[in-house]
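Me: Please take a close look at the largest pocket for me, then carry on into the parts of the chain behind it. Which residues lie nearest its centre?

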Amino acid sequence: MTKIENSEKMEFNRRDFLLKSLALSGYALAVYPLAYSAIQTDQNGIEVSDVKIPVGKIKIPAYQAFPKGNKPFPVIIICHEIFGVHEYIKDLCRRFAKLGYYAIAPSLYFRQGEVNNIKEISEIIAKVVSKVTNKQVNTDLDATVKFVKESKKIDANKMYITGFCWGGKATWLYAAHNPELKAAIAWYGPLLSAEKTQEEFPIDIAAKLKVPVLGLYGGKDARILPEHIEKMNSELKKGTSNSKIIVYPDAEHGFFADYRPSYNQMASDEALREMLKWIKDHS
């Protein structure tokens, strides 16, 4: 074996080991193969825990992370993708905690079932996601807001929400549902339905919004098309929320998800800066 071949084999083995290590750390089965760019954030300087949020007669699981210390922190509620609260969403909580936020991600599918062990996206949608109603999601997010307000760790006057993909849609809708939010950031969430449904979509509430929402979308998204964004912008202009959408021309759907092949670091970094600026501007 030549030095080049040996080097390539070592690199392949290192990559294979890393991906297997990541796979063992809580990623949903449906996201495999994991991208080499997957980020893992440590717990230095922050506190993390699994918690239960009371919602009526049940309790839904959630993951939270916040900086060490006693001062009250601004809150970011994270709405997960269709893959549920798997390792990527937990890692996001840790990342935002390191930026000074109390971050919490409730499991918004809890009543319908666990999706981490389902291998096919189509099966996740058919068995779980399709059965989750907007009313249920808003109820669970209301309970999450109540839960964090009972903590001495948070500043109740600085409450924000963000979400990704399916959670991006939930973010738009919850911003319309809860006018007490300071601002919201929706990452590539569906804006309108491709088929008839009685459930509301973001385009249905755009003109009624009071909470300012920042939409972050990819220009190469095969699911959320330019005409969808154009229609959404038209509806937003009818309202007074001063919401806006930024499109990253070279980014695909899921461009912020570093564990997926769609990850676009340049768009991701720029969009995160826009998100943090949006929060600052609405604090």
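Reply: Val129, Trp166, Lys169, Pro190 and Phe201 lie nearest the centre of the largest pocket, out of 30 residues that line it. (A pocket is an open set of points on a 1 Å grid over the protein atoms alone, where a 1.4 Å probe fits, with protein on both sides within 12 Å along at least five of seven lines; lining residues have an atom within 4 Å of a point.) Keep in mind that this is a predicted model, where local features need pLDDT of at least 70 and side-chain atom pairs pLDDT 80 or more, while totals for chains, interfaces and linings use all residues. Residues are numbered from 1 along each chain as its sequence is written, and side-chain values use heavy atoms, with hydrogens and water left out.

Three elements give two or more residues to this lining: helix H3 (121-127), helix H4 (134-149) and H5. (Helices, H or I of at least four residues, and strands, E of at least two, are DSSP runs numbered from the N terminus.) H5 gives the most, with four residues. By class, 17 lining residues are nonpolar, eight are polar and five are charged. (Asp, Glu, Lys and Arg count as charged; Ala, Val, Leu, Ile, Met, Phe, Trp, Tyr, Cys and Pro as nonpolar; the others, Gly among them, as polar.)

H5 is worth following along the chain. Ahead of it, in the loop between E5 and H5, is Cys165. Cys165 has a positive phi of about 55 degrees, although it isn't a glycine. What about disulfides? The count is zero, going by cysteine sulfur atoms within 2.5 Å. For Cys165, the nearest cysteine sulfur belongs to Cys79 and is 12 Å away. Cys165 counts as buried because its relative accessibility is 10%; buried means under 20% relative accessible area, exposed over 50%, and partly exposed in between (1.4 Å probe, protein chains only).

Now go through H5 and out the other end. Strand E5 (residues 154-164) runs parallel to E6, and five bridges join them; DSSP has to find at least two bridges for strands to pair. Gly163 stands opposite Ala186 in E6, and the chain crosses from E5 through helix H5 (residues 166-177) to E6. On E6's other pairing, four bridges join E6 to strand E7 (residues 213-218), again running parallel. Ala186 turns up here too, with Gly215 as its bridge partner in E7.

So what's E6 like inside? Five of the five residues of E6 (residues 183-187) are buried, so the strand is largely enclosed by the rest of the structure. In a regular strand the side chains alternate between the two faces of the sheet. In E6 both faces are covered, with Ala183, Ile185 and Trp187 buried on one side and Ala184 and Ala186 buried on the other.

Two more backbone spots are worth a glance. Asn242 also has a positive phi, near 60 degrees, and isn't glycine. Asn242 lies in the loop between helix H7 (226-236) and strand E8 (244-248), and it counts as exposed because its relative accessibility is 65%. Back towards the start, the peptide bond from Tyr32 to Pro33 is cis, with omega near 0 degrees. Pro33 is in the loop between helix H1 (3-23) and strand E1 (46-55).

E1 also matters to the second largest pocket: E1 and strand E2 (58-67) each supply at least two residues of its lining. That lining has 16 residues, and Pro61, Val85, Ser107, Phe110 and Glu114 lie nearest the centre. E2 gives the most to it, with three residues. By class, the lining of the second largest pocket has nine nonpolar, four polar and three charged residues.

Definitions and conventions:
Right-handed = clockwise from strand over helix to strand, strands pointing away.
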